[in-house]
Amino acid sequence: MMAKAEGIIIRTTDYGETNKIVTLYTKEFGKIGLMARGAKKPKNTLSAVSHVLFYGLCLFSKGRGLGTLYQAETLNSFRTIREDIEKMGYAALILELTDRLTEEGQPTQGVFNLLRDILLLIEKGTDPAVLAAIYAMKMMPFAGISPELNKCVHCGNQHITYSFSISGGGFLCPNCQHTDEYALQLSPGVQKLLPIIKAVPLERLGKVSLKPKTIGEIESIIYAYYEQNAGIKLRSRHFLEQLSKFRTK
Ligand SMILES: [Zn+2]
């Protein structure tokens with residue numbers, strides 16, 4: 001069956017001397033694997049499009065197994081992202097999350113739209129660390145996790161201050177903090193931001209700018225949460241952690 005779909009390449013793998021297998025996340029079909037024949041030859045028409053972060057319209061055949069990519073037309077080259085090592089690092093994290101949290105052939109239009117809109121916002125200049133945190137938080141249900149960020153996860157009461165329990169699954173009030181000896185102390189800013197990051201609609205995001213320390217605290221909570229509660233350790237995090245040592249903002 002021939003098909004045309006809007007998609008984003010979230011992973012590529014070399015296949016033999018001249019071919020690549022691209023993993024495309026599409027609006028219509030969800031995640032699909034496609035053989036891009038000749039994509040490793042510089043003059044081949046597929047070589048310019050068979051790379052991660054490609055976003056465009058693709059023409060391909062689709063069967064039970066691996067399909068074949070025939071043509072692809074770029075809709076946005078994400079040039080600003082590609083030219084910035086930090087933005088590219090966060091885009092890689094977002095693509096890796098998409099790949100790890102989705103199954104082939106299960107279309108979820110919400111995921112495609114969220115992925116595309118997040119990448120377009122990074123391209124337009126919104127803070128990539130904040131956008132990656134929003135994406136990671138909104139994708140948590142696909143990993144079967146969802147931290148409680150509105151009340152104490154242990155007693156259900158609302159308090160002014162909370163700590164955060166990774167093993168307990170969210171906020172802990174001062175009375176219940178003893179239930180998790182590893183509960184993380186939260187700065188007031190981070191406590192306020194976590195529920196916002198989880199719930200904010202992208203169109204209402206506006207301009208955001210967080211101090212490196214604040215976003216660093218949020219990131220360590222989110223990714224430790226993925227690792228401990230869903231067993232998902234992201235390779236792209238390592239690169240960003242190295243990079244953050246050089247952050248001067
Ligand atoms: Zn409590």
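**Exercise 1. Find which residue of β5 is the bridge partner of Leu 34, and then work out how the strands around this pair are arranged.**

Solution. In β5, Leu 34 has Gly 67 as its bridge partner. The model is a predicted one, in which local features need pLDDT of at least 70 and side-chain atom pairs count only at pLDDT 80 or more, while totals for chains, interfaces and linings use all residues. Residues are numbered from 1 along each chain as its sequence is written.

Step 1: the pairing. Strand β5 (residues 67-74) and β3 pair in the parallel sense over 2 bridges. Here strands (E, at least two residues) and helices (H or I, at least four) are DSSP runs numbered from the N terminus, and two strands pair if DSSP finds at least two bridges between them.

Step 2: the whole sheet. The strands form a closed barrel of 5 strands in the order β1-β2-β3-β5-β4, with mixed pairing. Neighbouring strands of this sheet are turned by 55 degrees against each other on average, direction ignored; for such angles, axes are lines fitted to C-alpha atoms, for helices over the stretch in contact, and angles between N-to-C directions run from 0 to 180 degrees.

Step 3: the record. UniProt, in an unreviewed entry, lists residues 2-78 as "domain: DNA replication/recombination mediator RecO N-terminal", and such annotations may be inferred rather than shown by experiment. Over residues 2-78 the chain is 0% helix and 57% strand, with its end C-alpha atoms 27 Å apart.

**Exercise 2. Follow β1 to its partners in the barrel, and state how many bridges join β1 to β2.**

Solution. Step 1: β1 (residues 2-15) runs antiparallel to β2, and 8 bridges join the two strands; Thr 12, for example, stands opposite Val 22 in β2.

Step 2: the hairpin of β1 and β2 has 3 residues between the strands, and in this hairpin Gly 16 takes a positive phi near 70 degrees.

Step 3: β1 also pairs with β4 in the antiparallel sense, over 7 bridges, and the bridge partner of Glu 6 in β4 is Leu 57.

Step 4: β2 continues to β3 (residues 30-36) through a hairpin of 3 residues, and these two strands pair in the antiparallel sense over 7 bridges, with Leu 24 opposite Ile 32 in β3.

Step 5: β2 (residues 19-26) is mostly covered, since 6 of its 8 residues are buried, where buried stands for 20 or more other C-beta atoms within 10 Å of a residue's own, exposed for 12 or fewer, and partly exposed for values in between, with C-beta atoms placed from the backbone.

**Exercise 3. Decide where the buried residues of α3 lie around its axis, and what they pack against.**

Solution. Step 1: in α3, the residues Val 111, Phe 112, Leu 115, Ile 118, Leu 119 and Ile 122 are buried. Seen down the axis of α3, its buried residues fall within an arc of 140 degrees, so they line one face of the helix; the arc is that of the directions from the helix axis to the C-beta atoms.

Step 2: the face turned away from this buried side carries the exposed residues Gln 109, Gly 110, Asn 113 and Lys 124. As background, an α-helix has 3.6 residues a turn, so residues three or four places apart point the same way.

Step 3: the buried residues of α3 pack against β1, β2, β4 (55-61), α1 (79-82), α2 (85-101) and α4 (128-138), where contact requires C-beta atoms, placed from the backbone, to lie within 7 Å.

Step 4: α3 (residues 109-124) is followed by Gly 125, whose phi is positive, near 115 degrees.

**Exercise 4. Explain why β7 and β8 each have one side without a neighbour in their sheet.**

Solution. Step 1: the open sheet of 3 strands has the order β7-β6-β8, with antiparallel pairing. β7 (170-172) and β8 (184-185) stand at the edges, each with a single partner strand, so one side of each is left without a neighbour in the sheet.

Step 2: β6 (residues 163-165) pairs with β7 in the antiparallel sense over 3 bridges, and within this pair Ser 163 stands opposite Leu 172 in β7.

Key: Two residues are in contact if their C-beta atoms, placed from the backbone, lie within 7 Å.
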